[in-house]
Amino acid sequence: MTVFKICLVALCALSIILIVRQYKPDYGVFISLCAGIAVLTYALSQIVPIFEFASAMAEDTSFSDYFGIMLKAVGIGIVSSFTCELLRDAGETSLASKVELCAKAAILLLALPVFSALINGAIGNVQTGA
């Protein structure tokens, strides 16, 4: 049922945007931004229980060290994707591609400890003959 509510809000925002753009084209981007933030806020509130369940599961395993890194990477991906879509809607495709590049670099930087652990584990397995 929540998906229908989100779709209804998005369609109402679209109707308002189409009407407002006839009179004030510049305001369409701002209405789109507000509607996008409202939908994203609602969506994130629905995602919280999923992260709580996953973090409870990760606490019992050796994966718990890397769970925070995974959450940060997912957060960077969601925020940067949302930002890039808004920039593209506003006609700023060049800036959107730069934001995407920065987000990818930030995720790779976050993943360095994971890569290091994987490489050290692989080296350890090769050295012990496992």
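Modeller: Buried means under 20% relative accessible area, exposed means over 50%, and partly exposed lies in between (1.4 Å probe, protein chains only). This is a predicted model, in which local features need pLDDT of at least 70, side-chain atom pairs count only at pLDDT 80 or more, and totals for chains, interfaces and linings use all residues. Residues are numbered from 1 along each chain as its sequence is written, while side-chain values use heavy atoms and leave out hydrogens and water.

Biologist: Why is Glu100 called partly exposed?

Modeller: The relative accessible area of Glu100 is 28%. That value falls between the two cut-offs, so Glu100 counts as partly exposed.

Biologist: What makes the contact of Arg88 with Glu100 a salt bridge?

Modeller: The closest N and O atoms of Arg88 and Glu100 are 2.8 Å apart. A salt bridge needs a side-chain nitrogen of Lys or Arg within 4 Å of a carboxyl oxygen of Asp or Glu, so the pair qualifies. The pair links distant parts of the chain, with Arg88 in helix H3 and Glu100 in helix H4 (residues 93-128), twelve residues apart. Helices here are DSSP runs of H or I with at least four residues, strands are runs of E with at least two, and both are numbered from the N terminus.

Biologist: Which other residue meets Arg88 in a salt bridge, and at what N to O distance?

Modeller: Glu85, at 3.7 Å. Glu85 lies in helix H3 (residues 64-89). Arg88 and Glu85 are three residues apart in that helix, which means a separation of about one helical turn. Glu85, Arg88 and Glu100 are thus linked in a network of salt bridges, and a search of the whole structure finds two salt bridges.

Biologist: How do you know whether Arg88 and Glu85 are buried or exposed?

Modeller: Neither word applies: Arg88 has a relative accessible area of 30% and Glu85 has 43%, so both count as partly exposed. Gly68, also found in helix H3, is partly exposed at 33%. The C-alpha atoms of Gly68 and Ser116 are separated by 16 Å, with their positions 48 residues apart along the chain.

Biologist: Why are H1 and H2 called roughly antiparallel?

Modeller: Helix H1 (residues 2-23) and helix H2 (residues 27-59) pack at about 170°, with axes 9 Å apart. Angles under 35 degrees count as roughly parallel, over 145 as roughly antiparallel, 65 to 115 as roughly perpendicular and the rest as oblique. The H1 and H2 angle is therefore in the roughly antiparallel class.

Biologist: Which residues of H1 and H2 meet?

Modeller: From H1 they include Ile6, Val9, Ala13 and Ile17, and from H2 they include Ile31, Ala35, Val39 and Tyr42. Contact means heavy atoms within 4.5 Å. The residues of this contact divide into eleven nonpolar, four polar and two charged.

Biologist: What is the mean pLDDT of the chain?

Modeller: The mean is 84, on the predictor's confidence scale from 0 to 100. Of the residues, 95% reach 70 or more. Among the elements of the chain, H2 has the lowest mean pLDDT (82) and H4 the highest (88).

Methods: Axes are lines fitted to C-alpha atoms, for helices over the stretch in contact, and angles run from 0 to 180 degrees between N-to-C directions. Ala, Val, Leu, Ile, Met, Phe, Trp, Tyr, Cys and Pro count as nonpolar, Asp, Glu, Lys and Arg as charged, and the others, Gly among them, as polar.
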